[in-house]
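Hi,

Here is the structure I promised to pass on, with my notes underneath. Have a look at it first, and then read on.

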Amino acid sequence: MERSTVSVCHSLKLVPLSSMTIFARIASRVIMELLGEVVDAEAVPGTIKVTTTTESGKIKKKITFERSDVSETTANLLGLLKALRLVAIYTDESGKRRVAGSPDCPLSMEYVVEGGVFTVTLQGEDVHPDGFLTD
């Protein structure tokens, strides 16, 4: 039996839909082409939690994480991102790059300040599970 390393989700990036020029889903694979850079979520290591539930054929997706640096600059950035429709790219527990959300089913963002950090929640609904990002 081949051994594999399992870790926590990490390397969360946020992509505003306005930055995408191509988004295609082929079975479980996702092809994306972007204008400019993605936004690093700057999640506190170990705090990214990805959960999914199903209800009536819809997959409800939720990604929560903490971000330190409770400052005016970070609050302004999160406020801007909250107003946008987003797709998230993250590395899952087995080291595969995954995509949550799509142009048809984007994620929305909410955040609060608690315990000296921003607690951020991305959520949305889709009919497809998170895809695997192709390089």
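Let me start with one pair of residues: Val99 stands opposite Gly131, which is in E11. Before going further, please note that this is a predicted model, where local features need pLDDT of at least 70 and side-chain atom pairs count only at pLDDT 80 or more, while totals for chains, interfaces and linings use all residues. Residues are numbered from 1 along each chain as its sequence is written, and side-chain values use heavy atoms, with hydrogens and water left out.

A word on the labels: helices (H or I, at least four residues) and strands (E, at least two) are DSSP runs, numbered from the N terminus. Two strands pair if DSSP finds at least two bridges between them.

**The seven-stranded sheet**

Val99 and Gly131 belong to a pairing of strand E8 (residues 97-100) with strand E11 (residues 131-133), antiparallel and made of two bridges. These strands are part of an open sheet of seven strands, with mixed pairing and the order E2-E3-E11-E8-E7-E1-E4. At its edges are strand E2 (20-26) and strand E4 (39-40), each of which pairs on one side only.

E2 runs antiparallel to strand E3 (residues 29-34), and six bridges join the two. Met20, for instance, has Leu34 in E3 as its bridge partner. The two strands make a hairpin with two residues between them, and in the turn Ala27 has a positive phi of about 55°. E3 also pairs with E11, this time in the parallel sense, over two bridges; there Arg29 stands opposite Phe132 in E11.

There is a surface feature here too. Ile22, Ile26 and Ile31 form a nonpolar patch with about 250 Å² of accessible area together. Patches are made of residues with over 30% relative accessible area and no salt bridge, with nonpolar side chains (Val, Leu, Ile, Met, Phe, Trp, Tyr) joined within 5 Å and like charges within 9 Å. A salt bridge is a side-chain nitrogen of Lys or Arg within 4 Å of a carboxyl oxygen of Asp or Glu. Accessible areas come from the Shrake-Rupley method with a 1.4 Å probe, and for residues only the protein chains shown count as cover. Ile31 is found in strand E3 and is partly exposed, with a relative accessible area of 35%. (Buried means under 20% relative accessible area, exposed over 50%, and partly exposed in between.)

**Two loop residues**

Glu42 is not a glycine, yet has a positive phi of about 50°. Its place is in the loop between E4 and strand E5 (49-55), where Glu42 is partly exposed at 47% relative accessible area. Asp69 is not a glycine either and has a positive phi of about 65°. Asp69 lies between strand E6 (58-67) and helix H1 (72-82), in the loop, and is partly exposed, with a relative accessible area of 47%.

**The four-stranded sheet**

E5 and E6 appear again in an open sheet of four strands with antiparallel pairing, in the order E5-E6-E10-E9. E5 and strand E9 (108-114) stand at the edges with a single partner strand each, so one side of each has no neighbour in the sheet. From one strand to the next, the twist averages 20°. (Axes are lines fitted to C-alpha atoms, for helices over the stretch in contact, and angles run from 0 to 180 degrees between N-to-C directions.)

E9 and strand E10 (residues 117-126) run antiparallel, joined by seven bridges, and Glu114 stands opposite Val117 in E10. H1 packs on this sheet and touches E6, E9 and E10, its direction making about 155° with that of E9. Contact means heavy atoms within 4.5 Å.

Best wishes

Methods
Buried < 20%, exposed > 50% of the residue type's maximum accessible area, 1.4 Å probe, protein only.
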